[in-house]
Amino acid sequence: MRARRWPRASASTTPGQYRLWSVGLAAAMVVVALAGTAAAANLERSTERIRDNTGPVLVATQALVASLAEADAAATAAFLSGRDEDPEQRRLYEQALARASEQLEGVAARIGEDPPTHAALTAVAVQVTRYAGLVEAARALNRAGAPGAEDYLVDALDLLATTVAQDTRALTSATQERFAQDERDRDTGVVLAVVLGVVALAALVAAQVAVTRRTHRLLNPPLVLATLVLATTVTWLALANIRSGGDLADARRGGYDSIVLSAQVQTSGFRAKSDETVALITGDQRRRASAQQEAEVLLAGPVTDEVVAAARSGELLPAGGLMADAARLADSDRERAAVAELLVRWERYQQTVRLLRSAATPEAGRQIAVGPAASTFNGFNFSVESVLGDNRAQFLTGLDQAADRVTGLAAVTLFGPLAAALAAMWGFQLRIREYR
C-alpha cells in the first residue's frame, strides 16, 4: 500500500511534481531519439545508395545505349571501307564494344539484390555477345571476299535495333524504377520523428511555463538549453530531408533528364548513320528511308541560321524533335550554346549525306561516306559527348550534395534529444534542490 501511495504523495508536492515532469520529459525525448535515429539512418542509407549505386547505374545504362549505337555505326563504316577495312573505324568499333562491356560490368557490380535489373542486364549481355559474333562473321567473310558477308552484317544491325534495343529499354526502366523507389523510401519515418519532436518541444515549453509560474523566475537556463538543443535537432532533421530531396529532384531534372535526352540524340544520330551506310552497301532504299526517319526524329525540319539563333537565345525552335526538346530543357547560356553547336554539327553531317545520295556512282558514294561523312559525323558525336559529360557531372554532383546534407544525421538525432533530456533533468533538479 505504501508503494502505491508514493506516486500520488509525490505528485502532491512541488518537488514530486518536478520529478514527474523530469522523468516524463526524459522519456519523451528518448522516444524522439529512437524515432529520429531510425528515420535519419534510413535517410542516410537511402541517399548514399542513390549516390553510390542507383545514380551511377542510371548513368552507366544511358552510356551503354550510346556505346552500342556507336559500335553499330562504326561496324558498318568499317565494313563499307572494303576488304582491308578502315583501321580507324575498326578501332572505334572495338573501343565502343569494349566500353559497352565495361559498362555492363559496372552495372552488374552496383545493382546489388535487384532481380528485375539482373534479368534485364543478363539479357542485354547475351545479345551483345551474339551481336559481336555476327559482326565478326561479317568481317571475316568480307575480308575473304566470300558471299554472305552483307547478310551477317544486316542481321547484326537488326539484332541491335530490335532485341538489344528492347532489352536495354527494359534495363533502363528497371533502373529508373529502382531510383524512384529509393526516392520514395528515403524519408520513411521522418514525418513521425518530426511530429514527436514537436510534441516533446511543446511539453518542454509547457514545463518551463509551469516552473516560471511557481518560482517567479523568468528563465531556467538548463530547460532553455534543452529546448534549443531539441529544436535544433528537429529542425536539422526536417531541413536535411527537404534540402537533400530538393538536391535529388534538381539532379534528376537538370542532370538525368538531360542525360536521357542527350543519349537519345546520340542514339538516333548513330542509327541514321548506320542505316545510311547499310543503304549504300546493299542498295536497300528502305534503309535510306529509315535513316531519313531517324534524322527527322532528331529535328523535323532544316537547320537554318534562324534555328541556330533561336537555340542560342533560348527561344522555342520552330521544328519538333529531340534537339528541339534539348533546346527547351537548356536553362543556362552554356547549355543553350551547346545545343546550338549540336545543330550546326548535325547540319554539316546532313550536307555530306545529301552529297552522298547525289553521288554519280556507288564508289563515289562510298568515298564520301568513308571520308567527309565520317568526319562530319564524328564532329557531331564529339559535341554530343561533351554535352553528355556536362550532364553526367551535374547529375552526380547533385547526388553528392544530397548525400552530404544527411551525413552524420543519425548521430545528431540520437545525441541531440538525449542531451536535451539530460539538460531538462538538470533544470528540474536545480529547482528540487531549493526545497531541501
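## Salt bridges, a nonpolar patch and a helix pair

Asp284 has a relative accessible area of 23%, so this residue counts as partly exposed. Its side chain meets that of Arg286 in a salt bridge, with 3.2 Å from N to O. Please keep in mind that this is a predicted model. With that said, here is a friendly tour of its salt bridges, a nonpolar surface patch and one pair of packed helices.

**Salt bridges**

- The count of salt bridges comes to 25.
- Arg286, the partner of Asp284, is exposed, because its relative accessibility of 67% lies over the 50% cut-off.
- Arg139 and Glu85 form another salt bridge, and their closest N and O atoms are 2.7 Å apart. Arg139 sits in helix α4 (residues 115–144) and Glu85 in the loop between α2 and α3 (87–110), so the pair ties together parts that are 54 residues apart in sequence.
- Of these two partners, Glu85 counts as buried at 12% relative accessibility, whereas Arg139 is partly exposed at 24%.
- Arg139 and Glu85 also belong to a network of salt bridges that links them with Arg90, Glu94, Glu136 and Arg143.

**Around Arg253 in helix α7**

- Asp250 and Arg253 make a salt bridge through their side chains, at 2.6 Å from N to O.
- Both residues lie in helix α7 (residues 221–282), where they are three residues apart, about one turn of the helix.
- Asp250 is partly exposed, with a relative accessibility of 42%, and Arg253 is partly exposed too, at 46%.
- Arg253 and Asp400 are 147 residues apart in sequence, while their C-alpha atoms are 15 Å apart in space.
- Asp400 belongs to helix α12 (residues 362–406) and is partly exposed, with a relative accessible area of 36%.

**A nonpolar surface patch**

- Val30, Leu34, Phe415 and Leu418 make a nonpolar patch of about 370 Å² on the surface.
- Helices α2 (14–80) and α13 (409–433) each supply at least two residues of this patch.
- Phe415 is found in helix α13. This residue counts as exposed, because its relative accessible area of 55% is over the 50% cut-off.

**Helices α10 and α11**

- Two packed helices are described by the angle between their axes and the distance between the axes.
- For α10 (residues 322–329) and α11 (residues 333–357), the angle is about 160 degrees and the axes are 8 Å apart.
- Angles over 145 degrees count as roughly antiparallel, so α10 and α11 are roughly antiparallel to each other.
- The crossing of α10 and α11 is left-handed.

Conventions. Residues are numbered from 1 along each chain as its sequence is written. This is a predicted model: local features need pLDDT of at least 70, side-chain atom pairs count only at pLDDT 80 or more; totals for chains, interfaces and linings use all residues. Side-chain values use heavy atoms; hydrogens and water are left out. Patches are made of residues with over 30% relative accessible area and no salt bridge: like charges are joined within 9 Å, nonpolar side chains (Val, Leu, Ile, Met, Phe, Trp, Tyr) within 5 Å. Accessible areas come from the Shrake-Rupley method with a 1.4 Å probe; for residues, only the protein chains shown count as cover. A salt bridge is a side-chain nitrogen of Lys or Arg within 4 Å of a carboxyl oxygen of Asp or Glu. Helices (H or I, at least four residues) and strands (E, at least two) are DSSP runs, numbered from the N terminus. Buried means under 20% relative accessible area, exposed over 50%, partly exposed in between (1.4 Å probe, protein chains only). Axes are lines fitted to C-alpha atoms, for helices over the stretch in contact, and angles run from 0 to 180 degrees between N-to-C directions. Angles under 35 degrees count as roughly parallel, over 145 as roughly antiparallel, 65 to 115 as roughly perpendicular and the rest as oblique. A crossing is left-handed if the near helix is turned anticlockwise from the far one by less than a right angle, and right-handed if clockwise.
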